[in-house]
Amino acid sequence: MSTVIVMPQLGESVAEGIIGKWLKQEGDRIEKDEPIVEVITDKVNAEIPSPVAGVLEKITQPEGATVAVGQEIAVVGDSASGNGASGNGASSVEAPQPVSATPAADMAPTMPPDAQQVSAGPATQTVVVDRPRSERVRTSPLVKRLAEEHGINLAEVPGTGIGGRVSKQDILAFIEQRPQPAPHLAPTGVFEAPARPEPAVQAPPAAPPRAPQPAQPAGARALGPGEELVPVSPLRKMIAERMVQSVYTIPHAVTMAEVDMTPVVRYRDAHKRAYQEREGAPLSLVAFVIKATVDALKEFPLVNAEWAGDNIILKHEININVAVDAPEGLTIPVIHQADHLSLAGISAAVVDLARRARERKLKIEDMQGGTFTVNNTGALGSVAGVSIINYPQAGILSSGAIVKRPVVLETGAGDTIAIRSMMTLSFSFDHRVLDGGTSAAFVNAVKNRLEGWSPDYPLY
Amino acid sequence: MAEVTYLEAIKTGLREEMQRDESVYMLGEDIGVYGGAFKVTAGFLDEFGPMRVIDTPLSESAIVGAAIGSALMGQRPVAEMQFMDFITCGFNQIVNMAAKMHYRNHLPVPMVIRGPSGGGTHGGPFHSQNPEAWFAHTPGLKVVAPSTPTDAYGLIKSAIRDNNPVLYFEHKYLYRRLKEELPGRDYTVPIGKARVAREGTDLTIYTYGWMVEQSLLAAEQLAGEDTSIEVVDLRTVHPLDKETILRSIEKTSKALIVHEDTRTLGVGAEVAAILAEEAFDMLDGPIVRVTAPDTPVPFSPPLEQAFLPNAEKIVAAARRLAAY
């Protein structure tokens with residue numbers, strides 16, 4: 001009996017893989033679990049072990065080919081029979097053998113015997129080869145396997161277990177009530193073109209569009225000399241997915257403004273020592289930007305919103321995500337109800353969240369519910385930057401570094417050149433929700449509040 | 001046939017094997033004239049005579065050693081430990097001699113070591129233990145722990161007929177508490193085969209010994225809460241019946257392991273390891289254990305009550321796991 005090797009599902013959201021390198025050639029003898037091919041996807045690169053021992057009869061996909069999950073990539077023949085004809089006549093005895101009939105006792109730990117796949121020829125057994133575990137989701141091994149087998153995004157399954165965990169019953173009910181089994185396979189070549197692909201084919205209609213997985217030509221090849229493959233952490237993968245999701249679904253536009261931060265700097269200089277002594281923490285500069293942003297969001301509620309197909313969702317709570325450069329990578333904890341906080345309150349929240357992010361002590365609620373994001377790229381020394389929107393929010397405001405520059409001031413006594421503390425605000429917005437006019441007005445509202453910062457502004 | 005107790009089932013099995021095969025004989029402390037501390041062998045001396053029902057000195061090492069020697073010479077000894085707690089006095093003979101004899105010398109050691117184990121009778125730290133895990137860890141031994149009169153009857157027969165050293169853990173709490181009608185005279189229970197004591201779909205309780213009874217009580221209670229519990233009675237704790245263990249988890253996806261023995265490195269740890277290694281992607285929840293804590297068995301009845309797992313504790317754990 002021949003065994004058809006198919007492209008494995010190398011991660012929940014992966015629909016295809018690229019044949020990196022055949023480690024075995026046609027005619028080679030292979031042992032069970034011996035790697036036969038390197039497969040590259042945009043999530044993982046993996047050596048695929050053979051599920052059976054035998055002879056590599058046929059390679060059906062050349063190196064470099066993009067192959068949909070579940071599609072045949074090779075055929076391994078039974079070494080004993082040595083039959084050149086891969087299948088049809090050879091084992092008519094076992095004719096259409098459903099793989100799920102494999103007795104449980106034979107169940108190999110890493111290879112679910114009942115993984116459903118493309119229908120193979122009548123006498124060939126289709127086997128999904130071992131796959132690496134994808135990033136952590138709080139479900140269970142069983143639920144994860146079912147999700148992968150049925151092409152389900154677990155985020156779409158309502159969970160009824162403790163803490164909203166998706167249980168076996170939940171996912172079975174979800175599979176049951178789906179209109180039809182989601183197409184497990186994307187036809188080959190769907191993602192081949194460099195053009196932006198359609199949103200994920202398999203997402204049920206009610207779900208928000210999932211980030212498509214564009215082919216990434218840079219990763220889609222074997223390593224050259226002087227190159228090194230660095231495996232990425234789950235957080236890195238998540239960041240990558242979110243970024244792709246944002247960029248591929250939100251039409252970004254950017255507007256910028258130069259802000260004279262001199263009044264803010266003076267105000268802060270006047271208070272910072274006493275504040276530090278009193279509070280035991282610094283008076284954060286970004287707190288001023290957040291405070292001004294929160295006030296401007298109240299003036300322009302459409303900016304504190306989210307695109308939802310035929311509607312826009314306005315958020316009446318103002319919860320500000322603050323971007324923090326944590327050891328593992330970008331982290332964006334939330335200051336909840338920032339409009340209820342004083343300047344000092346915001347400063348304390350920023351300092352606290354940044355500290356806990358670096359100490360890896362953030363709680364789940366610190367990460368949830370954000371409605372708008374402020375990104376202080378200036379803290380890293382950047383003068384101005386264009387940020388990717390924190391999906392699915394409508395905008396992200398980045399503040400650059402404050403630098404002293406000579407600027408022209410218009411005064412009653414005529415124009416004069418002065419040294420001022422200047423900062424660039426850069427506002428990336430979802431052009432489906434906002435147009436340039438509102439966006440510019442919003443940025444100017446932030447700018448005006450900062451430039452007009454009164455020495456009498458209440459700290460508390 | 002009338003209903004018999006768990007103890008009478010063992011006794012019946014022993015007697016029938018003694019009658020069936022002349023090479024079967026018994027030895028132990030006070031098993032002859034006195035009929036055994038729990039009267040398992042009462043009447044045996046009269047029926048089979050002093051050559052086949054031998055009262056021994058108070059030396060478990062000598063009892064086991066003599067049994068091994070006679071087994072090597074073609075007899076089928078059944079050695080009684082007055083309490084299974086004292087089996088440790090014969091430990092070296094069991095794990096170094098009986099268990100390894102066939103490996104070293106290709107000589108079978110067809111012997112049974114049987115006796116009362118377990119608590120619930122206020123026996124204190126030396127008369128209440130469940131020392132099966134020590135022996136389940138030793139290659140070359142088989143270890144069984146029946147939970148019902150029928151299994152006690154069927155397993156003692158299989159143990160005597162087996163050509164390997166078999167340790168047969170009776171439960172003294174069950175001796176006179178469980179009653180069943182026994183199947184026919186030729187009935188045996190294969191060693192190495194678990195039994196689904198109750199079918200269910202939501203969660204599997206893996207257990208053995210006295211805790212089977214407690215698990216069934218818990219399952220009955222939870223049935224009233226719409227939770228369907230499957231109870232797998234391992235019956236043999238070594239070698240474990242992987243097939244039955246895995247078949248059940250495939251159905252229920254959640255595993256609760258219950259044993260009366262203390263927690264660390266008990267039989268439950270091995271069951272958990274099998275599930276994690278061979279059924280990882282069948283699991284829809286953490287593998288949970290309900291066991292005695294890692295302390296000696298307390299003498300004080302309220303403390304013993306707190307120490308022992310029971311239906312109530314099993315219900316609480318099963319409820320949490322079912323909701324997970």
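Start with helix α1 of chain A: nine of its ten residues are buried, so the rest of the structure largely encloses this helix. The model is a predicted one. The buried set runs through P141(A), L142(A), V143(A), K144(A), R145(A), L146(A), A147(A), E148(A) and E149(A). Charged residues sit in that list beside nonpolar ones, among them K144(A), R145(A), E148(A) and E149(A). The buried residues of α1(A) pack against α2 (168-177) of chain A. Just past the end of α1(A), G151(A) adopts a positive phi of about 60°.

One buried residue of this helix reaches a partner in the other chain. R145(A) makes a salt bridge with D281(B), and 3.5 Å separates the closest N and O atoms. The link crosses from chain to chain: R145(A) belongs to helix α1 (residues 141-150) of chain A, while D281(B) sits in the loop between α10 (267-278) and β14 of chain B. Are these two residues buried or exposed? Both R145(A) and D281(B) are buried.

Now step back to chain A as a whole. Chain A holds eight helices and 20 strands. Of its 460 residues, 47% are buried. Contacts in chain A often span long stretches of sequence: among those between residues at least 6 apart, 66% join residues at least 24 apart. The exposed area of chain A is about 22,100 Å², and carbon and sulfur atoms supply 55% of it.

Part of that surface is a nonpolar patch. V254(A), M256(A) and V386(A) form the patch, with about 270 Å² of accessible area together. M256(A) lies in strand β10 (residues 252-260) of chain A. Its relative accessible area is 46%, which means M256(A) counts as partly exposed.

Back to charges. Side chains of opposite charge can pair when their charged atoms come close. Over all chains, a search of the whole structure finds 37 salt bridges. One of them joins D339(A) and K298(A), at 3.7 Å from N to O. D339(A) is in the loop between β16 (334-335) and α6 (343-358) of chain A, and K298(A) is in helix α5 (residues 285-299) of chain A, so the pair ties together parts 41 residues apart in sequence. Chain A also has a network of salt bridges, which links D352(A), R355(A), R356(A), E359(A), K361(A) and D366(A).

Chain B supplies another example. R185(B) forms a salt bridge with E16(B), with the closest N and O atoms 3.9 Å apart. This pair links distant parts of the chain, 169 residues apart: R185(B) is in the loop between β8 (179-181) and β9 of chain B, and E16(B) is in helix α1 (residues 6-20) of chain B. R185(B) has 48% relative accessibility, so this residue counts as partly exposed. E16(B) has 8%, so this one counts as buried.

Next come the sheets of chain B. Strands of a sheet pair through backbone hydrogen bonds, either parallel or antiparallel. One open sheet has seven strands with mixed pairing, in the order β3-β2-β4-β5-β7-β6-β12 (chain B). β3 (53-55) and β12 (236-238) of chain B are the edges; each has a single partner strand, so one side of each is left without a neighbour in the sheet. From one strand to the next, the twist averages 20°.

Look inside this sheet. Strands β2 (residues 24-28) and β4 (residues 76-80) of chain B run parallel and are joined by five bridges. M26(B) has V78(B) in β4(B) as its bridge partner. Helix α3 (residues 60-72) of chain B packs on the sheet and touches β2, β4 and β5 (112-117) of chain B; its direction makes about 165° with that of β2(B). Helix α7 (residues 149-161) of chain B lies across β2, β4, β5, β6 (142-144) and β7 (166-171) of chain B, at about 160° to β7(B).

A further open sheet has five strands, in the order β9-β11-β10-β13-β14 (chain B), again with mixed pairing. Its edge strands are β9 (195-198) and β14 (288-292) of chain B, each pairing on one side only. Neighbouring strands here are turned by 25° against each other on average, direction ignored. β9(B) pairs with strand β11 (residues 229-233) of chain B in the antiparallel sense, over three bridges. There, V196(B) stands opposite V232(B) in β11(B). Helix α8 (residues 210-223) of chain B lies across β9, β10 (203-207), β11 and β13 (255-262) of chain B, running at about 45° to β9(B).

How values were computed:
Residues are numbered from 1 along each chain as its sequence is written. Chains are lettered from A and ligands numbered from 1 in the order in which they are written. This is a predicted model: local features need pLDDT of at least 70, side-chain atom pairs count only at pLDDT 80 or more; totals for chains, interfaces and linings use all residues. Side-chain values use heavy atoms; hydrogens and water are left out. Patches are made of residues with over 30% relative accessible area and no salt bridge: like charges are joined within 9 Å, nonpolar side chains (Val, Leu, Ile, Met, Phe, Trp, Tyr) within 5 Å. Accessible areas come from the Shrake-Rupley method with a 1.4 Å probe; for residues, only the protein chains shown count as cover. A salt bridge is a side-chain nitrogen of Lys or Arg within 4 Å of a carboxyl oxygen of Asp or Glu. Helices (H or I, at least four residues) and strands (E, at least two) are DSSP runs, numbered from the N terminus. Buried means under 20% relative accessible area, exposed over 50%, partly exposed in between (1.4 Å probe, protein chains only). Two strands pair if DSSP finds at least two bridges between them. Axes are lines fitted to C-alpha atoms, for helices over the stretch in contact, and angles run from 0 to 180 degrees between N-to-C directions. Contact means heavy atoms within 4.5 Å.
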